[in-house]
Amino acid sequence: MARVERPRLLATDLDGTLLRPDCSVSPRTAAALGAAQDAGVQVVFVTARPHRWLAPVAGLVGRHGTAICANGASVVDVATLTVVEQHGMGPDLVATLVARLRDRLGPTVQLATECADGIARERQFDSGHPVPPGSPCVDRIEDALPATTLKLLVMDPHTDHPEFLAAVGEAVGDLATASSSGVAGLAEIAAPGVTKAATLAAWAHARQIAPGTVWAVGDAPNDLPMLAWAGRSFAVANADPCVRAVVDEVLASNADDGVATLLERCAQLPGGRP
């Protein structure tokens with residue numbers, strides 16, 4: 001049998017993957033993160049979350065101190081929750097996308113933007129997540145567009161999810177990148193070519209880490225490009241069927257510490273190339 005070596009880098013999604021269903025980190029997972037990093041495996045969180053949601057996991061980030069957020073639209077210094085790289089969209093592009101979405105989806109569409117300074121949203125937009133005090137709340141998102149939008153959030157809870165995602169994709173076309181993190185009635189739009197995979201690949205290349213030495217794990221459609229890029233791919237058992245169908249291995253669910261088992265395996269494998 002071929003000798004299996006531990007990866008140099010393990011890239012993991014957070015919600016639905018590393019985090020338990022209540023969004024906590026289990027003691028086992030916290031210990032496994034430390035063991036993998038002590039063994040020389042760099043662990044990078046690659047998430048759809050905005051950077052302001054990273055505080056609960058800040059102490060678990062490795063010595064590199066960074067996380068990839070907003071589906072690849074930002075690279076974040078976790079210690080200070082500061083965006084150090086932005087791969088966003090200007091207001092003209094966002095305004096064009098909004099016009100297309102309104103035309104295609106109709107009056108029930110709800111819109112919001114994420115930027116380095118926080119979230120701006122339309123009055124009817126309610127994702128169920130708390131919003132920082134003072135965040136702009138307007139009748140039409142066009143009236144509160146930031147200089148750089150990391151993600152344009154599109155919501156319509158009254159539409160069938162697959163049909164909704166298809167309609168968003170048709171509206172966006174090749175002007176931007178539309179993706180789903182698995183939340184029904186929600187789509188996330190980033191700049192053209194911006195994905196978790198693209199930003200992770202650039203981060204790894206800057207550190208001379210080849211794709212073949214990277215393992216990646218996720219659960220949702222927005223993880224698919226990252227899983228395809230990595231040398232070896234994994235999904236948790238609760239992942240979307242389209243994700244489970246294409247990975248090299250399916251782990252236990254996030255409720256059963258599936259990523260912890262993978263991290264423990266990394267720590268125990270013999271080392272490969274430096």
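This section describes a pocket, a sheet, a helix and several single residues in a predicted model.

The largest pocket has a volume of about 620 Å³. Its lining is made up of 34 residues. Those closest to the pocket centre are Trp53, His129, Ser181, Val183 and Leu186. Three elements give two or more residues to this lining: strand S7 (118-122), strand S9 (151-155) and strand S11 (186-190). The largest share, 3 residues, comes from S9. Sorted by class, the lining holds 15 nonpolar, 12 charged and 7 polar residues. Space of this kind can be found with a simple test. Rolling a probe the size of a water molecule over the atoms shows where empty space is left.

Strands S7, S9 and S11 also belong to an open sheet of 6 strands. The strand order is S8-S7-S6-S9-S11-S10, and the pairing is mixed. Strand S8 (137-138) and strand S10 (177-179) form the edges, as each pairs on one side only. In general, strands of a sheet pair through backbone hydrogen bonds, either parallel or antiparallel. S7 and S8 pair in the parallel sense, over 2 bridges. Within this part of the sheet, arginine 121 stands opposite cysteine 137 in S8.

Glutamate 122 is placed in strand S7. Its relative accessible area is 0%, so glutamate 122 counts as buried. A polar atom of its side chain lies 2.9 Å from the backbone nitrogen of isoleucine 141. Beyond its neighbours within four places in sequence, glutamate 122 is in contact with Arg102, Val109, Gln110, Leu111, Cys137, Val138, Asp139, Arg140, Ile141 and Glu142.

Helix H5 spans residues 196-206. Its buried residues are Lys196, Ala197, Thr199, Leu200, Trp203 and Ala204. These buried residues pack against four strands and a helix: strand S1 (9-12), strand S2 (42-45), strand S3 (66-69), strand S4 (74-77) and helix H6 (224-229). At the start of H5, a side-chain oxygen of threonine 195 reaches to within 3.3 Å of the backbone nitrogen of alanine 197. After H5 comes glutamine 208, with a positive phi near 55 degrees.

Lys196 of H5 is also a contact of threonine 47. Threonine 47 lies in the loop between S2 and S3. With a relative accessible area of 1%, threonine 47 is buried, because the cut-off for that class is under 20%. Neighbours within four places in sequence aside, its other contacts are Asp13, Leu14, Asp15, Leu54, Ile68, Cys69, Ala70 and Asn71.

Two further loop residues have a positive phi without being glycine. Cysteine 23 has a phi near 70 degrees. The loop that holds cysteine 23 runs between helix H1 (14-18) and helix H2 (27-38). Cysteine 23 has a relative accessible area of 41%, so this residue is partly exposed. For leucine 81, phi is near 50 degrees. Leucine 81 is found in the loop between S4 and strand S5 (82-86). Its relative accessibility is 28%, so leucine 81 also counts as partly exposed.

Technical notes. Residues are numbered from 1 along each chain as its sequence is written. This is a predicted model: local features need pLDDT of at least 70, side-chain atom pairs count only at pLDDT 80 or more; totals for chains, interfaces and linings use all residues. Side-chain values use heavy atoms; hydrogens and water are left out. On a 1 Å grid over the protein atoms alone, a cavity is a set of points where a 1.4 Å probe fits but cannot get out, and a pocket is an open set with protein on both sides within 12 Å along at least five of seven lines; lining residues have an atom within 4 Å of a point. Grid points are joined across faces, edges and corners, and a volume is the space filled by probe spheres set on the points. Ala, Val, Leu, Ile, Met, Phe, Trp, Tyr, Cys and Pro count as nonpolar, Asp, Glu, Lys and Arg as charged, and the others, Gly among them, as polar. Buried means under 20% relative accessible area, exposed over 50%, partly exposed in between (1.4 Å probe, protein chains only). Contact means heavy atoms within 4.5 Å. A polar contact is a pair of N or O atoms within 3.5 Å; within protein, one must be able to donate a hydrogen and the other to accept it, and residues adjacent in sequence count only if both atoms are side-chain atoms. Two strands pair if DSSP finds at least two bridges between them.
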